Amino acid sequence: MNGKLLSSLACGFAAVSVAAWAQAPQRPQIQTSKVEGTENVYIFRNGNHQAMFVVTPDGVIATDPVAYGRPQGGAQYVAEIRKVTDKPIKYLVYSHHHFDHIAGGQAFKDAGATVIAHSRAKERLAALKDPATVMPDEVFDGTRNLSLGGTTLELSYVGLNHSDSSLVMRLPKERIIFVVDFIPVGSVPGRGMIDFYPLEAEGAIKQVLAMDWDRLIPGHPGPGDRLGSKKDAQDQLAFLQDASETVKVAAREGKCWDGVEKEMKLPKYEKWPGYENNLPFVLRRYCGLWGRGT
Ligand SMILES: [Zn+2]
């Protein structure tokens, strides 16, 4: 940006905000980073979405293309993998069926990857025929282990939660899980509550808590890009349970929908990112449950 434009901007804005803007850290649109303490686990981030990929001597296991609305996003992700290794990309695993995470897989297909998803993800994709989203080649319902070059990635379906097709991906040796959208790290869930299954989700999170792992890679960067812990999963469960119990009382007093959505607060969580914008989505979903029976 040239000096003339900068000074005209400075005239138009309060000096303090220009200073803040000038000092804001430059966050690239696309970023690939190795997970600390691992030899071969990477996070690929595109904007506010991210995915995990694992590099082995026999090839790469990638997850979620995260290229919704970004026609070049899949190719850019493959190019980032190519900066790390020239081994073949053997698998692309979809975390669940939502397009914001799985659009853009064609570049992986072109690279020779087999696309794997839960069977219900394939059913939905077959019905919707999104032109940017590649159909899975292989599906399963319960669990499946991918073993490649000495690494095992365990894929588990733990029931309904944020969607009806969410997988937990666990690296047993590295004690890392990749979980997208149904256990947000330190933040309040938002639009994802649209197809959220409130009763079943609690059980799903409890199943994840019972698994053996230390760190959780989320599908959206956590606060300060940190990874999640079991405490984060417990906190998310507690948040959902608090929201559920609070709305239940109001619903039985006939206060759903508007009264709850517009007026109810959960101040215990007001410091969590997303609280202001996302709380109404959460309250609406629990009004659906306790005020309607859905
Ligand atoms: Zn989602």
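**Figure 1. Glu39 in the loop between E1 and E2.** In this predicted model, Glu39 is found in the loop that runs between E1 and E2. Glu39 counts as exposed because its relative accessibility is 69%, and the cut-off for exposed is over 50%. Along the chain, Glu39 and Thr56 are 17 residues apart. In space, the C-alpha atoms of Glu39 and Thr56 are separated by 9.5 Å.

**Figure 2. The second largest pocket and its lining.** The volume of the second largest pocket is about 210 Å³. Its lining includes Gln31, Ser33, Lys34, Val35 and Glu36, together with Ile43, Arg45 and Gln50. Pro221, Asp225 and Leu227 also line the second largest pocket. Two elements, strand E1 (30-34) and strand E2 (41-46), give two or more residues to this lining. E1 provides the largest share, three residues. Sorted by class, the lining has four nonpolar, three polar and four charged residues.

**Figure 3. Asp225, a residue with a positive phi.** Asp225 lies in the loop between strand E12 (215-218) and H8, and Asp225 is one of the residues that line the second largest pocket. Most residues other than glycine have a negative phi. Phi of Asp225, however, is near 65 degrees, a positive value. Is Asp225 buried, partly exposed or exposed? Asp225 is partly exposed, because its relative accessible area is 39% and partly exposed covers the range between the 20% and 50% cut-offs.

**Figure 4. Lys129, in the loop between H6 and E7.** Lys129 is not a glycine, yet Lys129 has a positive phi of about 50 degrees. The loop that holds Lys129 runs between helix H6 (119-128) and strand E7 (138-140). With a relative accessibility of 64%, Lys129 counts as exposed.

**Figure 5. The largest pocket.** The largest pocket has a volume of about 810 Å³. Of the 35 residues that line the largest pocket, which are the closest to its centre? They are Asp181, Gly190, Arg191, Gly192 and His220. Helix H8 (230-252) and helix H10 (275-292) each supply at least two residues of the lining. The largest share, three residues, comes from H10. By class, the lining of the largest pocket comprises 16 nonpolar, 15 polar and four charged residues.

**Figure 6. The disulfide between Cys256 and Cys287.** The count of disulfides in the model comes to one. This disulfide joins Cys256 to Cys287, with a distance of 2.0 Å from S to S. The pair links distant parts of the chain, 31 residues apart. Cys256 is in the loop between H8 and helix H9 (258-263), whereas Cys287 is in helix H10. The link of Cys256 and Cys287 is left-handed, with -85 degrees about the S-S bond. Cys256 is partly exposed, with a relative accessible area of 22%. Cys287, in contrast, is buried, because its relative accessible area is 0% and buried means under 20%.

**Figure 7. The cis peptide bond from Cys256 to Trp257.** Most peptide bonds are trans. The peptide bond from Cys256 to Trp257 is cis, with omega near 5 degrees. Trp257 lies in the loop between H8 and H9, and Cys256 is in this loop as well.

**Figure 8. Phe108 in the largest nonpolar core.** The largest nonpolar core has 44 residues, and among them Met52, Phe53 and Phe108 touch the most other members. Strand E3 (residues 49-56) provides the largest share of this core, five residues. Apart from this core lies another, of 37 residues, and its members include Trp272, Leu283, Cys287 and Leu289. When residues up to four places away in sequence are not counted, which residues does Phe108 touch? Phe108 touches Ala62, Pro65, Gly74, Tyr77 and Val78, and also Ile81, Ile89, Leu92 and Ala113.

**Figure 9. Arg144 and its contacts in strand E8.** Arg144 is found in strand E8 (residues 143-148), and at 24% relative accessibility Arg144 counts as partly exposed. Not counting residues up to four places away in sequence, Arg144 touches Ile116, Glu138, Leu153, Glu154 and Leu155. Arg144 and Met169 are 25 residues apart in sequence. In space, Arg144 and Met169 are 9.7 Å apart, C-alpha to C-alpha.

Methods. Residues are numbered from 1 along each chain as its sequence is written. This is a predicted model: local features need pLDDT of at least 70, side-chain atom pairs count only at pLDDT 80 or more; totals for chains, interfaces and linings use all residues. Side-chain values use heavy atoms; hydrogens and water are left out. A nonpolar core is a set of buried Ala, Val, Leu, Ile, Met, Phe, Trp, Tyr and Cys residues joined through side-chain atoms within 4.5 Å. Buried means under 20% relative accessible area, exposed over 50%, partly exposed in between (1.4 Å probe, protein chains only). Helices (H or I, at least four residues) and strands (E, at least two) are DSSP runs, numbered from the N terminus. Contact means heavy atoms within 4.5 Å. On a 1 Å grid over the protein atoms alone, a cavity is a set of points where a 1.4 Å probe fits but cannot get out, and a pocket is an open set with protein on both sides within 12 Å along at least five of seven lines; lining residues have an atom within 4 Å of a point. Grid points are joined across faces, edges and corners, and a volume is the space filled by probe spheres set on the points. Ala, Val, Leu, Ile, Met, Phe, Trp, Tyr, Cys and Pro count as nonpolar, Asp, Glu, Lys and Arg as charged, and the others, Gly among them, as polar. A disulfide is a pair of cysteine sulfur atoms within 2.5 Å.
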